Amino acid sequence: PVASVEIFGHMPSGDPVHRICLQSCVGEQLCGASILTRGATVQEVLVPDKAGQVEDIVLGFAELEGYNGPTNFCYGGTPGRYANRISNGGFELEENSHEGKEGGRKLLRHNSSQNWEGPASGN
């Protein structure tokens with residue numbers, strides 16, 4: 001198994017987006033996955049098909065700009081810190097209250113208020 005990291009591009013804010021590549025041989029063929037630090041986007045997954053030919057099975061883009069388009073921003077996306085709505089915008093965990101930043105809305109969204117315009121790491 002081999003892992004590598006490279007700069008894939010930069011967000012409009014200038015923050016770098018890295019591509020983390022994980023590779024391994026399946027028989028004689030090199031297979032693997034590439035994950036972007038832009039919201040943990042799955043950019044590529046290379047696996048052998050039924051005939052043994054290695055194919056990319058992810059709908060993705062070769063360039064970061066493809067992911068930043070108005071209709072493509074969720075391609076390859078993975079769920080955020082919580083993959084559902086949080087009732088009343090907050091919750092309690094280990095006797096600590098955690099309130100979201102949703103301006104009084106009843107349901108807290110999946111991600112931060114910055115969404116994709118925020119830091120590439122999703123922080």
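Which residue in E4 does Ser34 stand opposite? Select Ser34 and look across: Glu44 faces Ser34 from E4.

This is a predicted model, so local features need pLDDT of at least 70, side-chain atom pairs count only at pLDDT 80 or more, and totals for chains, interfaces and linings use all residues. Residues are numbered from 1 along each chain as its sequence is written, and side-chain values use heavy atoms, with hydrogens and water left out.

**Stop 1: the whole chain**

Show the protein as a cartoon. One helix and nine strands appear. Helices (H or I, at least four residues) and strands (E, at least two) are DSSP runs, numbered from the N terminus. Along the sequence the order is β-β-β-β-β-α-β-β-β-β.

Switch to the surface. The accessible surface of the protein comes to about 8400 Å². Carbon and sulfur atoms hold 55% of that surface. Areas come from the Shrake-Rupley method with a 1.4 Å probe; for residues, only the protein chains shown count as cover. Of the 123 residues in the protein, 22% are buried. Buried means under 20% relative accessible area, exposed over 50%, and partly exposed in between (1.4 Å probe, protein chains only).

Contact means heavy atoms within 4.5 Å. Among contacts in the protein with a separation of 6 or more, 32% join residues 24 or more positions apart.

**Stop 2: strands E3, E4 and E5**

Select residues 29-36 and 41-48. These are E3 and E4, which run antiparallel and are joined by five bridges. Two strands pair if DSSP finds at least two bridges between them. The E3-E4 hairpin has four residues between the strands. Pick out Gly39 in this hairpin: its phi is positive, near 70°.

Now add E5, residues 54-56. E4 and E5 pair in the antiparallel sense over three bridges. Val47 stands opposite Glu55 in E5. Five residues separate E4 and E5 in their hairpin. Gly52 sits in that turn, with a positive phi of about 90°.

In a regular strand the side chains alternate between the two faces of the sheet.

**Stop 3: Arg19**

Move to strand E2, where Arg19 lies. Is Arg19 buried or exposed? Arg19 is buried, because its relative accessible area is 18%. Show its side chain together with that of Gln43. The two side chains make a polar contact at 3.2 Å. A polar contact is a pair of N or O atoms within 3.5 Å; within protein, one must be able to donate a hydrogen and the other to accept it, and residues adjacent in sequence count only if both atoms are side-chain atoms.

Widen the selection to the contacts of Arg19, leaving aside neighbours within four places in sequence. Ser4, Val5, Glu6, Phe8, Ser34, Ile35, Leu36 and Gln43 light up.

**Stop 4: Val26 and the cysteines**

Stay in E2 and select Val26. Val26 is partly exposed, at 44% relative accessibility. Not counting residues up to four places away in sequence, Val26 touches Cys31 and Pro48. Val26 and Pro48 are 22 residues apart in sequence, and their C-alpha atoms are 8.1 Å apart.

Next, Cys25 and Cys31. Why is there no bond between their sulfurs? The closest cysteine sulfur to that of Cys25 is in Cys31, 7.9 Å away, so it is too far for a bond. A disulfide is a pair of cysteine sulfur atoms within 2.5 Å, and the count here is zero. Cys25 is exposed, at 52% relative accessible area. Cys31 is buried, at 7%.

**Stop 5: the ring cluster**

Select Phe61, Tyr67 and Tyr75, which ring pairs link into a cluster. Rings of Phe, Tyr and Trp (its six-membered ring) pair if their centres lie within 6.5 Å; planes under 30 degrees apart count as stacked, over 60 as edge-to-face and the rest as tilted. The count comes to two aromatic pairs. Phe61 and Tyr67 are edge-to-face, because their planes meet at 85°, with centres 5.0 Å apart. Phe61 and Tyr75 are stacked, at 5.3 Å centre to centre and 20° between the planes. Phe61 lies in the loop between E5 and helix H1 (64-67) and Tyr75 in the loop between H1 and strand E6 (86-87), so this pair ties together parts 14 residues apart in sequence.

Colour the three by accessibility. Tyr67 is buried, at 0%. Phe61 is partly exposed, at 23%. Tyr75 is partly exposed, at 28%.

**Last stop: Pro12**

Finish in the loop between strand E1 (2-10) and strand E2 (16-26), where Pro12 sits. Pro12 is exposed, with a relative accessible area of 76%. Measure across to Asn68: the C-alpha atoms are separated by 8.9 Å, with the two positions 56 residues apart along the chain.
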